[in-house]
Amino acid sequence: MALRLSKRLVRFTLMVGGFLILLITLSSHSSTKEYMPQPLDISSFSTPLANFGNSISNTILDAAGMEAESQRMEAESNAEVNGEKVLTGDEIPDDLLDEQAKALKDTANAAGIEDMSKSVMDFIKPSFENRGNRPKACFVTLVRNSELDGIVKSIRKVQERFNKQFMYDWVFLNDEEFTENFKETILHEIPTSVVKFGVIPKEHWSYPDYIDQSKAADTRIKMADIIYGASESYRHMCRFQSGFFWRHKLLDDYDWYWRVEPDINLYCDIKYDVFKWMQDNEKVYGFTITIHEYLATIPTLWKTSMDFFKKHPEYVDKDNLMEFISGDKGEHYNLCHFWSNFEIANLNLWRSPAYTEYFDALDHAGGFFYERWGDAPVHSIAASILLPKDKIHYFSNIGYHHPPYDNCPIDDRVWAENNCDCQQKNDFTFKGYACGKEYYAAQKMDRPPNWEEYSH
Ligand SMILES: Nc1nc2c(ncn2[C@@H]2O[C@H](COP(=O)(O)OP(=O)(O)OP(=O)(O)O)[C@@H](O)[C@H]2O)c(=O)[nH]1
Ligand SMILES: [Mg+2]
């Protein structure tokens with residue numbers, strides 16, 4: 001018996017050793033490369049991301065399985081000698097398997113990978129416990145003093161179609177002080193809600209020390225022909241929306257936000273509390289419009305992202321929405337993204353270690369400045385990979401406009417019941433440049449029966 005136990009111990013130790021070597025090999029494969037502006041070389045992606053999804057946890061499971069299998073074989077080979085009943089396969093007592101699982105978990109802990117499931121949902125779930133109650137939610141608007149007229153237009157629509165009934169707070173952020181005139185005008189427009197004005201801390205709207213500013217300046221010259229390619233402030237804006245807006249102290253009080261920009265329109269009444277709907281239905285990220293990104297603005301975003309997720313398979317949700325952003329399991333980006341000028345989402349997604357580390361990896365790669373990475377593809381890639389797909393929601397019933405596109409309910413009943421004033425023929429969802437088709441396919445949803453009518 002003692003001999004059997006020690007044999008088992010030796011085998012188990014060898015297996016754990018092998019497992020640790022495998023882990024070291026995996027992590028050394030993904031050492032970060034110095035950034036070099038170059039066309040996206042996806043041919044180097046020999047392994048689709050989907051295969052990385054659970055590689056570490058599979059390794060653990062495989063190790064546990066191997067140990068169980070070795071016990072079965074050992075039991076079989078010893079059966080005749082000992083004249084005992086042989087325990088095979090499923091007959092191995094649960095407590096023995098539990099013990100092995102625990103031993104493996106302890107080994108993993110010692111290797112510093114103790115938390116095998118680092119799902120962003122762990123950070124978001126606590127806000128679902130508020131089910132049935134009013135969510136801690138606000139509108140958030142990043143805006144310049146010079147955009148006062150445009151933001152007043154947006155506020156009037158949001159107030160009229162939704163917020164005069166629900167009276168959620170509104171947070172305004174700016175990279176410089178809001179003028180008194182700006183604040184007074186806004187307060188006058190939103191008399192029934194708490195309104196807060198904040199200045200963005202310098203470190204959230206400036207160059208990190210690892211960015212070569214002359215290289216960034218060269219990029220702006222080279223990209224002058226691309227939309228916003230020459231703009232420095234646009235890049236700070238995109239980086240701020242990608243990595244910082246929820247870190248502003250004024251956002252600390254909230255779990256949910258709805259992003260509103262100047263010059264948007266709401267075409268339909270929203271008669272229910274969308275924040276509460278998100279909370280009570282355990283959704284995390286809601287959008288209205290999908291679209292393809294300009295490849296020239298993000299040549300290396302996909303490779304940088306996949307490098308990160310290959311290095312951190314523990315963050316990849318096993319039921320993710322990769323199919324929305326890639327037609328070949330992660331090898332190539334299909335450029336689809338949620339248009340982030342409208343977002344109704346849970347702030348804890350961005351606060352999670354998974355997203356924070358992802359953003360840090362992107363920020364260090366430099367593409368916010370050496371290319372022109374937008375917050376829309378960044379948020380979309382993260383949400384599609386980090387979240388279970390059923391946490392993402394398309395608000396087909398919210399009539400929305402951000403120049404130049406519309407989301408207009410093509411369901412006649414929804415359109416009529418909510419007093420919509422948009423043209424259904426302008427609905428962008430199924431038109432060529434949108435990604436509605438990809439989204440419906442990825443979610444395994446049937447397209448509305450009349451979708452083709454609105455696809456040209
Ligand atoms: N405070 C501040 N806000 C900015 C700045 N640049 C952009 N924003 C805001 O950031 C958001 C996104 O900027 P937009 O200029 O609307 O970018 P976009 O939606 O990609 O492009 P268009 O709407 O088509 O111009 C808007 O709410 C702007 O008001 C800036 O330099 N300072
Ligand atoms: Mg805009």
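Which cysteine does a disulfide join to Cys268? The close-up views below, all taken from a predicted model, take up this question and then turn to the other disulfides, the annotated glutamate and the ligands.

**View 1. The disulfide that joins Cys268 to Cys420.**
The partner of Cys268 is Cys420, and the distance from S to S in this disulfide is 2.1 Å. The two cysteines stand in distant parts of the chain, 152 residues apart, with Cys268 in the loop between β5 (265-266) and α9 (274-280) and Cys420 in the loop between α16 (412-417) and α17 (436-442). The angle about the S-S bond is 110°, and the link of Cys268 and Cys420 is right-handed. Cys268 has a relative accessible area of 1% and is therefore buried, and Cys420, with a relative accessible area of 7%, is buried too. Here, a residue counts as buried because its relative accessible area is under 20%.

**View 2. The disulfide that joins Cys336 to Cys435.**
In this second view the S to S distance is 2.1 Å, while the angle about the S-S bond is -90°, and the link of Cys336 and Cys435 is left-handed. Cys336 belongs to strand β8 (residues 336-338) and Cys435 to the loop between α16 and α17, so the disulfide ties together parts of the chain that are 99 residues apart in sequence. Are Cys336 and Cys435 buried or exposed? Cys336 counts as buried because its relative accessibility is 0%, and Cys435 is likewise buried, with a relative accessible area of 0%.

**View 3. The disulfide formed by Cys408 and Cys422.**
The sulfur atoms of Cys408 and Cys422 lie 2.2 Å apart, and with 80° about the S-S bond their link is right-handed. These two cysteines are 14 residues apart, Cys408 being in the loop between β12 (405-407) and α16, and Cys422 in the loop between α16 and α17. Cys408 counts as buried at 1% relative accessibility, and Cys422 is buried with a relative accessible area of 4%.

**View 4. The pairing pattern of the three disulfides.**
How many disulfides does a search of the whole structure find? The search finds three, and when the bonded cysteines of the protein are numbered in sequence order, their pairing reads 1-4, 2-6, 3-5. Two further cysteines can be looked at alongside this pattern: Cys138 counts as buried because its relative accessibility is 0%, and Cys238 counts as buried at 1% relative accessibility.

**View 5. Glu343 and the residues in contact with it.**
The feature "active site" is placed at Glu343 by UniProt, in an unreviewed entry. This glutamate lies in strand β9 (residues 343-346), and it counts as buried because its relative accessibility is 0%. Which residues is Glu343 in contact with, leaving aside its neighbours within four places in sequence? They are Tyr257, Trp258, Arg259, Tyr285, Gly286, Trp350 and His379. With Tyr285 there is also a polar contact, in which the side chains of Glu343 and Tyr285 are joined at 2.6 Å.

**View 6. The magnesium ion (ligand 2) and its protein donors.**
The protein donors of the magnesium ion are Glu261, through OE, and His402, through NE2, and they lie 2.0 to 2.2 Å from the ion. Because Glu261 is in the loop between β4 (256-259) and β5 whereas His402 is in strand β11 (residues 400-402), this pair ties together parts that are 141 residues apart in sequence. Glu261 counts as buried, since its relative accessibility is 17%, and His402 is buried with a relative accessible area of 15%.

**View 7. The residues around ligand 1.**
There are 14 residues around ligand 1, and those that come nearest are Leu142, Glu147, Asn174, Tyr228 and Tyr234. In the case of Leu142, a polar backbone atom is 2.6 Å from an oxygen atom of ligand 1. The two protein donors of the magnesium ion, Glu261 and His402, can be found in this view as well: a polar side-chain atom of Glu261 lies 3.0 Å from an oxygen atom of ligand 1, and a polar side-chain atom of His402 lies 3.1 Å from an oxygen atom of this ligand.

Conventions
Residues are numbered from 1 along each chain as its sequence is written. Chains are lettered from A and ligands numbered from 1 in the order in which they are written. This is a predicted model: local features need pLDDT of at least 70, side-chain atom pairs count only at pLDDT 80 or more; totals for chains, interfaces and linings use all residues. Side-chain values use heavy atoms; hydrogens and water are left out. UniProt positions are given in the numbering used here, feature names are shortened, and annotations may be inferred rather than shown by experiment. Helices (H or I, at least four residues) and strands (E, at least two) are DSSP runs, numbered from the N terminus. Buried means under 20% relative accessible area, exposed over 50%, partly exposed in between (1.4 Å probe, protein chains only). Contact means heavy atoms within 4.5 Å. A polar contact is a pair of N or O atoms within 3.5 Å; within protein, one must be able to donate a hydrogen and the other to accept it, and residues adjacent in sequence count only if both atoms are side-chain atoms. A disulfide is a pair of cysteine sulfur atoms within 2.5 Å. Donors are N, O and S atoms within 2.8 Å of the metal (3.2 Å for Na, K and Ca); water is not among the atoms, so sites may look incomplete. A residue is near a molecule or strand if one of its heavy atoms lies within 4 Å of it.
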